[in-house]
Amino acid sequence: MRTLHVCYSFPPDPLGGTEVYVRALCVALERLGIEAQVVAPGTVDETYEIDGLRVHRFAHGEPRDLDALYSGDRLAAAGFGALLDADPPDLVHQHAVSPACSPRLASEAKKRG
């Protein structure tokens, strides 16, 4: 099984409680034989590894109006959708809600089953 965990940020960005929890969860899942990867918004689309954990970043915009602020960033949703298309996970766990990690991301996952 392949799992994808959505955070608002991830190293090398500063860590908060959610990122510490998600990192520990991914390590625990890997020990059980469940593949775990992290995805988070970033300044550019990129993929890298930190301590053996694969991290995907998707570009996002800054909310410029109330629609983007409350319903989510369309650029971020499109980038997340592209990640799902490139390497579909079996399960997506969204750990954060923000304009870049909005319900639009859940909609992209739902479109793909």
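Author: A quick definition before we start: the expected span of a helix is 1.5 Å times one less than its number of residues. Keep in mind that this is a predicted model.

Reader: Okay, what does that give for H1, and how do you know that the helix fits it?

Author: H1 has 15 residues, so at 1.5 Å a residue it should span 21 Å, and its end C-alpha atoms are 21 Å apart, which agrees.

Reader: Which residues of H1 are called buried, and what makes them so?

Author: Glu19, Val22, Cys26 and Leu29 are the buried ones, which means that each has under 20% relative accessible area.

Reader: How do you know which side of H1 they sit on?

Author: The buried residues cover an arc of only 90 degrees around the axis, so they lie on the same side of H1. An α-helix has 3.6 residues a turn, so residues three or four places apart point the same way. Turned away from that buried side is a face carrying Gly17 and Arg31, which are exposed.

Reader: What do the buried residues of H1 pack against?

Author: They pack against S1, S2 and S4. The helix as a whole, residues 17–31, lies across S1, S2, S3 and S4, and runs at about 155 degrees to S2. Just after H1 comes Gly33, with a positive phi of about 85 degrees.

Reader: Now the sheet. Why are S3 and S5 said to stand at the edges?

Author: The order is S3-S4-S2-S1-S5, in an open sheet of 5 strands with mixed pairing. S3 (46–50) and S5 (91–94) each have a single partner strand, so one side of each is left without a neighbour in the sheet. From one strand to the next, the twist averages 25 degrees.

Reader: What makes S1 and S5 a pair?

Author: Two strands pair if DSSP finds at least two bridges between them. S1 (residues 2–6) and S5 have 4 bridges, in the parallel sense, so they qualify. Val6, for instance, has Gln94 in S5 as its bridge partner. Helix H3 (residues 74–86) packs on the sheet too, touching S1, S2, S4 and S5.

Reader: And why is the Phe58 and Phe80 pair called edge-to-face?

Author: Ring centres have to lie within 6.5 Å, with planes over 60 degrees apart. Here the centres are 6.1 Å apart and the planes make 65 degrees, so the pair is edge-to-face. Phe58 is in strand S4 and Phe80 in helix H3, 22 residues apart, so the pair links distant parts of the chain.

Reader: Are those two rings' residues buried or exposed?

Author: Buried: Phe58 has a relative accessible area of 0%, and Phe80 is also at 0%.

Conventions: Residues numbered from 1 in each chain as written. Predicted model: local features only at pLDDT ≥ 70, side-chain atom pairs only at ≥ 80, totals over all residues. Heavy atoms only, no water. Helix = DSSP H or I, 4+ residues; strand = E, 2+ residues; numbered from the N terminus. Axes fitted to C-alpha atoms, helices over the stretch in contact; angles between N-to-C directions. Contact = heavy atoms within 4.5 Å. Buried < 20%, exposed > 50% of the residue type's maximum accessible area, 1.4 Å probe, protein only. Arc of directions from axis to C-beta. Phe/Tyr/Trp six-rings, centres within 6.5 Å; stacked < 30°, edge-to-face > 60°.
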